Amino acid sequence: MTIPVHEELSFRKGKRKYLFCADSNGAESLYDLVRLAMEENAPFDFLVIENESDSFLDLWFSQQKMGTYLYMAGNWEWVNRLKSLAVEAGFSEYEMQMKALGNRSKKVICSKCHGVNDVADESHISCMHCGIKLEVSSHYSRRLDAYLGYTSIL
């Protein structure tokens with residue numbers, strides 16, 4: 001699922017409940033939103049997540065009722081992990097906003113060997129599995145959570 005990652009998060013009024021999740025670096029990004037939820041007298045949970053297990057988070061997300069809105073702020077790896085758990089528990093892309101901090105990493109699938117490469121924001125890479133030069137495309141696979149790398153002819 002492609003869910004946009006925001007530079008700044010915006011408060012969505014009128015939700016049944018708000019979940020604010022952050023790692024230790026992202027917590028400060030959520031303070032203004034928590035203040036707005038408090039002004040609206042809306043129920044909310046604020047959770048700094050560091051070492052909680054996937055099973056704990058899966059249970060916590062799956063116990064939330066419809067109308068719950070999720071905010072996440074943390075490093076890229078952390079945000080991607082929580083996004084996957086939230087989606088598996090039933091949250092849709094319309095029920096969450098994410099803010100990722102730090103350097104971005106993404107997966108690129110090699111068009112030749114189908115190997116998965118973890119990269120930053122490079123537009124051209126060498127496949128770490130077969131060595132072929134790849135151009136990172138904008139074609140994104142929701143199923144694989146990765147971008148396609150086309151053979152690059154330079």
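Which residue in β2 is the bridge partner of phenylalanine 20? In this predicted model, that position is taken by phenylalanine 46. The pair belongs to a parallel arrangement in which β1 and β2 are joined over five bridges. Between these two strands the chain passes through helix α1, residues 31–39, and the resulting β-α-β crossover is right-handed.

Strand β1, residues 17–22, is also paired with β3; the two run parallel and are joined by six bridges. Within this pairing, cysteine 21 lies opposite methionine 72 of β3. Strand β3 is in turn joined to strand β4, residues 96–101, by six bridges, again in the parallel sense. Here alanine 73 of β3 faces lysine 99 of β4. The connection from β3 to β4 runs through helix α3, residues 76–89, and forms a β-α-β crossover that is right-handed. Strand β3 spans residues 68–75, and seven of its eight residues are buried, so this strand is largely enclosed by the rest of the structure.

Helix α2 comprises residues 54–62, of which Leu57, Trp60 and Phe61 are buried. These three residues cover an arc of only 95 degrees around the axis, which places them on the same side of α2. Such an arrangement accords with helical geometry: an α-helix has 3.6 residues a turn, so residues three or four places apart point the same way. The buried residues of α2 pack against four elements, namely β1, β2 (44–48), β3 and α3.

The loop between α2 and β3 contains glutamine 64. Is this residue buried or exposed? Its relative accessible area is 15%, and because the cut-off for burial is under 20%, glutamine 64 counts as buried. The side chain of glutamine 64 makes a polar contact with the side chain of lysine 17, at 3.1 Å. When residues up to four places away in sequence are not counted, glutamine 64 touches Lys17, Leu19 and Phe91.

For residues 107–149, an unreviewed UniProt entry lists the domain "Dimethylamine monooxygenase subunit DmmA-like C-terminal". In the model, the chain over residues 107–149 is 0% helix and 56% strand. The C-alpha atoms at the two ends of this segment are 10 Å apart.

Notes. Residues are numbered from 1 along each chain as its sequence is written. This is a predicted model: local features need pLDDT of at least 70, side-chain atom pairs count only at pLDDT 80 or more; totals for chains, interfaces and linings use all residues. Side-chain values use heavy atoms; hydrogens and water are left out. Buried means under 20% relative accessible area, exposed over 50%, partly exposed in between (1.4 Å probe, protein chains only). Two strands pair if DSSP finds at least two bridges between them. A crossover is right-handed if, with the strands pointing away from the viewer, the path from the first strand over the helix to the second runs clockwise. UniProt positions are given in the numbering used here, feature names are shortened, and annotations may be inferred rather than shown by experiment. The arc is that of the directions from the helix axis to the C-beta atoms. Contact means heavy atoms within 4.5 Å. A polar contact is a pair of N or O atoms within 3.5 Å; within protein, one must be able to donate a hydrogen and the other to accept it, and residues adjacent in sequence count only if both atoms are side-chain atoms.
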